[in-house]
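Dear colleague,

I am handing over the structure we spoke about, and below it you will find notes on what turned up when I went through it. Please read them with the structure open beside you.

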Amino acid sequence: MQEFVYYNPGGLDFPLDEAIFVAKTIEETKDANFLISNTSEVDSEVSADEIDFYIRNSKDSISDKINNVYKLYEIAAIKFDNAQDITYTQKVGNKLLLVANKEDAKNFISSVEPKEFDMYQISEDIIKSISGHIGNLSVVVDDEGKDVTLKVDQIVWFNVKELGLKQSGSFDPTTSSINEVIQTLRKNIEEYEYKKITTYDANICQYHERREEVCGRCEDVCPTTAIIKIDDRKHLEFSQIDCHGCGGCISICPSGALEYAPITRNSIYEMAQEFRNKIPLIVPDKMNISALDIELEENVLPFKIDGEKFLHETSFLTILQESGSQVIFYTDFLSKGSKDAIRILNDIYEKKYAKKAIFVAMNEEELKEAMQNANLIEGSHFSYNQEDERKREAFAVRLSGLVGSDDLGVVKTGENVHYAKVNINQDNCTLCLSCVGACNVDALKAYPEDNTLRLNPSICTGCGYCELSCPEKDCLTIEQDIIELNPKWFLERVVAKDELFACVECGKEFATKKSIEKIAGIMGPIFANDPIKQRTLYCCENCKPKVMFANDAVRNQRV
């Protein structure tokens with residue numbers, strides 16, 4: 001496979017890197033398999049329209065353009081190599097539900113071939129529920145007071161209501177045209193393809209198998225039935241076929257248990273390295289970069305992404321630090337997670353550099369203004385190998401590099417992106433370690449070698465499960481939604497410590513001193529008239545029954 005091809009019938013007024021095959025006719029591309037091309041007209045694995053967008057609009061010098069065009073090919077290849085969005089297919093039949101008034105129904109039916117679809121026609125007011133997915137949809141309708149279930153493969157719904165947008169397989173001609181919808185229906189019957197958009201690590205999920213619900217934000221923001229909470233088991237179920245690919249669940253996930261398969265954290269890291277000393281212009285695919293006619297200021301390089309909502313604080317900070325520049329995000333919508341992340345990073349950068357980190361441009365005028373204001377930030381470049389790092393750990397290391405030895409005060413996190421500080425009253429802590437068992441992101445750890453409980457606040461998700469699990473009164477509390485921008489925040493610190501208690505019989509250390517004292521304080525008064533039982537309170541698990549049996553033997557001899 002030859003990796004890179006550039007096709008343009010009109011040619012270019014400057015040369016490209018020799019690694020890029022340049023073609024003026026489609027015939028020249030027929031005898032090779034290409035990885036990256038600049039246009040969908042060429043048969044290749046990836047079509048990167050940001051290449052032509054850059055060539056057409058950039059004000060860079062010719063020499064910079066030559067280098068940057070090659071960079072854009074490399075960046076597209078990195079994204080392809082790291083993608084985990086496996087493609088699946090779904091069998092789709094020709095059973096169709098048409099939801100329309102008489103006039104719309106007449107126009108639609110006259111546009112399809114006779115008997116092309118096995119079609120039901122209904123009005124929307126009788127629809128009670130819809131479940132399943134494309135190729136296997138169940139629509140419950142009210143038929144004169146009786147529930148009837150219609151089994152269909154696809155739905156055409158004029159002016160579709162929210163009920164019809166939860167599952168895959170519903171199409172609204174009013175958002176495009178009747179002919180376009182018909183073409184889509186036909187194509188789906190031939191072969192409906194969908195991709196795996198999310199990967200999931202249950203081990204660090206803040207919902208999975210918790211006794212009480214402390215998270216579930218991914219389902220809250222999902223616009224479809226792609227994520228469902230099974231509350232009786234505290235499990236998440238994923239329907240990749242119903243996923244729109246927006247990525248809103250990724251940016252809202254506190255621990256990084258959810259990952260965006262088309263552009264992983266590793267991919268963001270490797271791509272960002274290519275932007276060193278460049279100003280990244282992040283553009284989601286939905287913004288249609290090919291139709292964007294705007295001059296790119298010098299040193300601005302497009303950073304093309306798929307979904308518009310998956311970028312979180314770690315993604316943004318990686319791009320910021322690897323480029324050493326302010327970042328421009330051109331989008332017409334901000335997800336809850338991305339919006340919080342941008343605000344947090346802007347607050348941090350204002351404290352450190354007295355500059356904004358990320359410019360959000362929601363239209364062309366704002367984009368022009370952002371490009372006028374965005375610049376490299378001296379001293380902001382920071383790089384480290386974060387491959388396969390968790391979301392929180394990577395953010396902590398990067399933020400630590402930004403803070404350095406400074407004390408920049410406190411930044412508030414927010415409604416959707418949470419960081420927190422666990423406070424432990426050492427006098428009341430018995431080192432039962434329930435909190436350690438509750439923390440699945442390793443923010444709280446036990447060290448048996450010195451009998452300490454330690455906290456790394458920089459990776460705490462603020463879920464609150466440790467607070468719910470702590471059995472002691474006035475022992476563990478959580479200070480929500482803060483990040484302390486000083487070196488100590490990123491260090492593991494001792495929050496509780498105790499001595500081990502030695503068994504009064506054999507001398508084996510078997511529990512902490514405070515835990516034994518607590519149990520003795522509760523049970524001592526109950527055993528006040530039995531010195532042997534009182535003694536067992538200070539015995540290990542092996543000696544306790546021995547003491548009790550020995551005492552019973554003496555009593556039996558006396559009898």
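Phe-4, Tyr-70 and Tyr-73 come together as one aromatic cluster, and please keep in mind, here and throughout, that this is a predicted model. The count of aromatic pairs comes to 14. One of these pairs is formed by Tyr-349 and Tyr-353, whose ring centres are 5.0 Å apart and whose planes meet at 55 degrees, so the pair is tilted; planes over 60 degrees apart would have counted as edge-to-face. Both residues belong to helix H9 (residues 336–353), where, being four residues apart, they are separated by about one helical turn. Tyr-349 is buried, at 0% relative accessibility, and Tyr-353 also counts as buried, because its 16% relative accessibility falls under the 20% limit.

Two other tyrosine rings have an arginine over the face. Arg-392 lies over Tyr-419, at 3.6 Å from the ring centre, while Arg-454 lies over Tyr-447, at 4.2 Å from the ring centre.

Turning to the nonpolar core, which residues touch the most other members? In soluble globular proteins, nonpolar side chains tend to be buried together. The largest nonpolar core here has 114 residues, and within this core Ile-36 and Ile-424 are the two that touch the most other members. If neighbours within four places in sequence are left aside, the contacts of Ile-36 include Phe-4 and Tyr-73, both of which belong to the aromatic cluster described above; Glu-3, Val-5, Ser-44, Val-46, Ala-48, Ile-51, Ala-76 and Ala-77 are also in contact with Ile-36. There is, in addition, a second and separate core of 19 residues, among them Ala-105, Val-156, Phe-158 and Leu-185.

Next comes the backbone, where two residues deserve a look. Most residues other than glycine have a negative phi. Glu-144, however, has a positive phi, near 55 degrees, and is found in the loop that runs between strand S9 (136–143) and strand S10 (146–152). With a relative accessible area of 80%, Glu-144 is exposed. Asp-442 is not a glycine either, and its phi is likewise positive, at about 65 degrees. The loop that holds Asp-442 lies between helix H12 (434–438) and strand S24 (444–447), and at 36% relative accessibility Asp-442 counts as partly exposed.

The last topic is empty space. The largest pocket has a volume of about 770 Å³ and a lining of 26 residues, of which Tyr-192, Glu-193, Tyr-194, Lys-195 and Cys-243 lie nearest its centre. Which elements each supply at least two residues of this lining? They are strand S12 (170–171), helix H4 (178–190) and strand S13 (192–195), with S13 giving the largest share, four residues.

As for enclosed space, a search of the whole structure finds five cavities of 30 Å³ or more, and the largest cavity holds about 130 Å³. Of the 17 residues that line the largest cavity, Cys-222, Ala-226, Ile-227, Cys-243 and Cys-249 are the closest to its centre. Cys-243 therefore appears in both descriptions, being named among the residues nearest the centre of the largest pocket and among those closest to the centre of the largest cavity.

With best wishes

Conventions: Residues are numbered from 1 along each chain as its sequence is written. This is a predicted model: local features need pLDDT of at least 70, side-chain atom pairs count only at pLDDT 80 or more; totals for chains, interfaces and linings use all residues. Side-chain values use heavy atoms; hydrogens and water are left out. A nonpolar core is a set of buried Ala, Val, Leu, Ile, Met, Phe, Trp, Tyr and Cys residues joined through side-chain atoms within 4.5 Å. Buried means under 20% relative accessible area, exposed over 50%, partly exposed in between (1.4 Å probe, protein chains only). Contact means heavy atoms within 4.5 Å. Rings of Phe, Tyr and Trp (its six-membered ring) pair if their centres lie within 6.5 Å; planes under 30 degrees apart count as stacked, over 60 as edge-to-face and the rest as tilted. A charge sits over a ring if NZ of Lys or CZ of Arg is within 6 Å of the ring centre and within 35 degrees of the ring normal. On a 1 Å grid over the protein atoms alone, a cavity is a set of points where a 1.4 Å probe fits but cannot get out, and a pocket is an open set with protein on both sides within 12 Å along at least five of seven lines; lining residues have an atom within 4 Å of a point. Grid points are joined across faces, edges and corners, and a volume is the space filled by probe spheres set on the points.
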